[in-house]
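Student: I have a model open and want to test some labels against their definitions. Can we go through them?

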Amino acid sequence: MGIVAKQSVLNTIYNYVGFIFGALNTLFLFTHIFNKTDYGLITYLATTGNLLWPFLTFGMHNTLVKFYHSYTTQSEKNRFFSWILILPIVTTLLVFCAYLLFYNEIHRYFENANAVVSPYIWMIFVLGLCAAYFELFFSWAKIHLKSVSGNFIKAIFLRIIISFLLLLVYLNYISVSQFMYAFTFSYLLRAVLMGIIAFRIHAFSLQFNRLKNTKELITYSALILIASVVSVYLLDLDKIMIEYFLPIEKLPSYSIAIYIASVIAVPARALLQITTPLTAKFLNEKDYHSLNNLNKKSSTNGLLISGIIAVLILTNAPAIFELVPKNYELFIEIVVCISLVKVFDASLGITNSILMNSEAYKLVLLFGIAVLVIAFGLNILLIPKYGIIGAAIATFISYAVFNVVKLLFVKKYFNIHPYQLKSLGVLLLFTIIGFGFYKFTLNDFHPLISILIKGSLASILLLFLVLKLRLSPDISEGFIKLTKL
C-alpha cells in the first residue's frame with residue numbers, strides 16, 4: 001500500500017473514531033453534566049472561534065501548500081514559512097484592537113441578550129488564534145506528506161481531552177467555569193503539540209528577509225480567505241444567528257441535531273482524498289473524457305454511501321433523541337434538512353475539485369459571497385418565525401442554491417455534470433426504504449436495541465439492493481474482495 005493510500009485509510013479511521021468521541025460528548029456527557037445555558041455557552045465560544053481563525057490566517061494555510069515547493073532553497077522556504085507564522089499574531093492584534101475600540105458596545109449587546117457570554121469573550125480570540133496556528137502547522141505536515149499525526153490530534157485528541165474534562169466536572173473536581181478555562185487551554189495545547197510535530201517532521205528556522213512574488217501570494221491568499229469564509233460561515237452562521245435571535249439555551253438542541261446529521265459527510269471526505277489528485281491530473285492533461293467518467297463515478301459512489309448513512313440516521317433519529325435528556329427539545333426537521341445538505345454535497349462528485357483548479361473558481365467565490373448574504377437574510381427571516389427549525393431551513397436553502405450554482409458553472413465551462421439517470425432511481429429507492437423504516441417503530445424496546453435492530457435490517461436491505469442492482473461497480477467489487485479476506 002502506497003504512503004498516500006495508507007494515510008487515507010488511517011485518516012478515515014481516525015475521523016470515525018473522532019466522531020464516536022464527539023457523539024459521546026455531544027449526545028451524552030454535555031447533555032447530562034451541563035445545564036442548557038452552559039452547554040450553549042461552550043457551543044457558542046467554539047463556533048465563534050471557528051469562524052474567526054480563517055481571518056487570522058488570511059488563507060495562508062492553503063497558500064503554504066500551493067507555493068511551498070515553488071521555492072528552491074531551504075532558506076527561501078524558511079523565510080516563506082516565517083512570514084506566514086507571524087501573520088496570525090498581527091491579525092489577532094488588529095482584531096483585538098477593534099474589540100477594545102468597541103468594547104462597551106460589544107459587552108452592552110451581550111448584557112442585553114445573553115449575559116452569560118460577556119465574561120468569556122476574550123476566549124474567542126484565544127480559541128481562534130490557537131486554531132489558526134494548528135492549521136498552519138498541520139499544513140506544514142501535509143506538504144511533507146505526513147498528515148496522520150495531525151489528523152489524529154484534530155479528530156481524536158481534542159475530543160478525548162474534552163471527555164476527560166467533562167468527567168472531572170461530573171466528579172466535582174472542577175467547576176463549569178474552570179472547565180471553560182481548561183477547554184481554552186486544550187486548544188493551546190493542541191496547537192503547541194502540532195507545532196512540535198511539524199518541527200520534528202521537517203525542522204524550520206525563523207528568517208524574515210524579503211520574499212519574492214509577494215503580490216501573487218497575497219492575491220491567492222485573499223481568494224482562499226474568501227473561500228474559507230464562505231465554507232466556514234455557511235456551516236456555522238446559523239448557530240451565531242440563533243444566539244442573536246433566541247436564548248442561548250436553544251443552541252445545544254440545534255447543535256445536537258446538526259451533529260447527528262454530520263456523520264454523513266465522513267465517507268465523502270475520504271473519497272475526496274482519493275479523487276482530488278486524479279482530478280488535478282485530468283485537468284492538467286485536458287482529459288475531459290476521463291474527468292467526466294470520474295465525476296459520474298464519484299457522484300454515484302458518494303450518493304450511495306451518504307444515502308445509506310442518511311437512511312440509517314433518519315430512520316433511527318427518534319430512538320437517538322430518546323437517549324438525550326428530555327429537557328433538550330430536538331426536532332427531526334433539523335436532522336432532515338442537514339442530512340439532505342450532506343447527501344447533496346456528496347452527490348456533487350468531484351465538482352468542487354474541478355472548480356478549485358479552474359479559472360471559474362473566482363466567479364464561483366463571488367457567488368459564494370452572494371449566497372452568504374442570502375443565508376444571512378434567510379436566517380433573519382426564518383429564525384424569528386420558526387425558531388431553530390428556521391435556521392436549518394435557511395442552511396438547506398443556502399447550500400442548495402450554492403451547489404446548483406457550482407453545477408451550472410462546471411456544465412458551462414467543461415460541459416460535464418455528475419448525474420446519471422440511475423441517480424434519480426437511487427434517490428427514489430432510498431426515499432421509499434427510509435420512509436418505510438421510519439414508520440416501522442419498536443417502542444417496546446430500549447432505544448439502543450431499537451437502533452441496533454432497525455439499523456441492521458435497513459443496512460442489510462440497502463446493501464443487498466445496491467449489490468443486486470449493481471448500482472456501483474466499485475462498491476460491488478469492493479464487497480467481493482472484502483468477503484474473500
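Student: What makes the lining of the second largest cavity three nonpolar, two polar and one charged?
Tutor: The lining residues are Thr 300, Leu 303, Leu 304, Lys 422, Ser 423 and Val 426. Ala, Val, Leu, Ile, Met, Phe, Trp, Tyr, Cys and Pro count as nonpolar, Asp, Glu, Lys and Arg as charged, and the others, Gly among them, as polar. So the split is three nonpolar, two polar and one charged. This is a predicted model: local features need pLDDT of at least 70, side-chain atom pairs 80 or more, while totals for chains, interfaces and linings use all residues. Numbering runs from 1 along each chain as its sequence is written, and side-chain values use heavy atoms, without hydrogens or water.

Student: Why is this space called a cavity?
Tutor: On a 1 Å grid over the protein atoms alone, a cavity is a set of points where a 1.4 Å probe fits but cannot get out; lining residues have an atom within 4 Å of a point. The second largest cavity has a volume of about 30 Å³, meaning the space filled by probe spheres set on the points, which are joined across faces, edges and corners.

Student: Why is Asn 172 called exposed?
Tutor: Its relative accessible area is 68%. Exposed means over 50% (buried is under 20%, partly exposed in between; 1.4 Å probe, protein chains only). Therefore Asn 172 counts as exposed.

Student: What makes the phi of Asn 172 notable?
Tutor: Phi is near 65°, a positive value in a residue other than glycine. Most residues other than glycine have a negative phi.

Student: How do you know that Asn 415 is exposed?
Tutor: Its relative accessibility is 55%, so Asn 415 also counts as exposed.

Notes. On a 1 Å grid over the protein atoms alone, a cavity is a set of points where a 1.4 Å probe fits but cannot get out, and a pocket is an open set with protein on both sides within 12 Å along at least five of seven lines; lining residues have an atom within 4 Å of a point.
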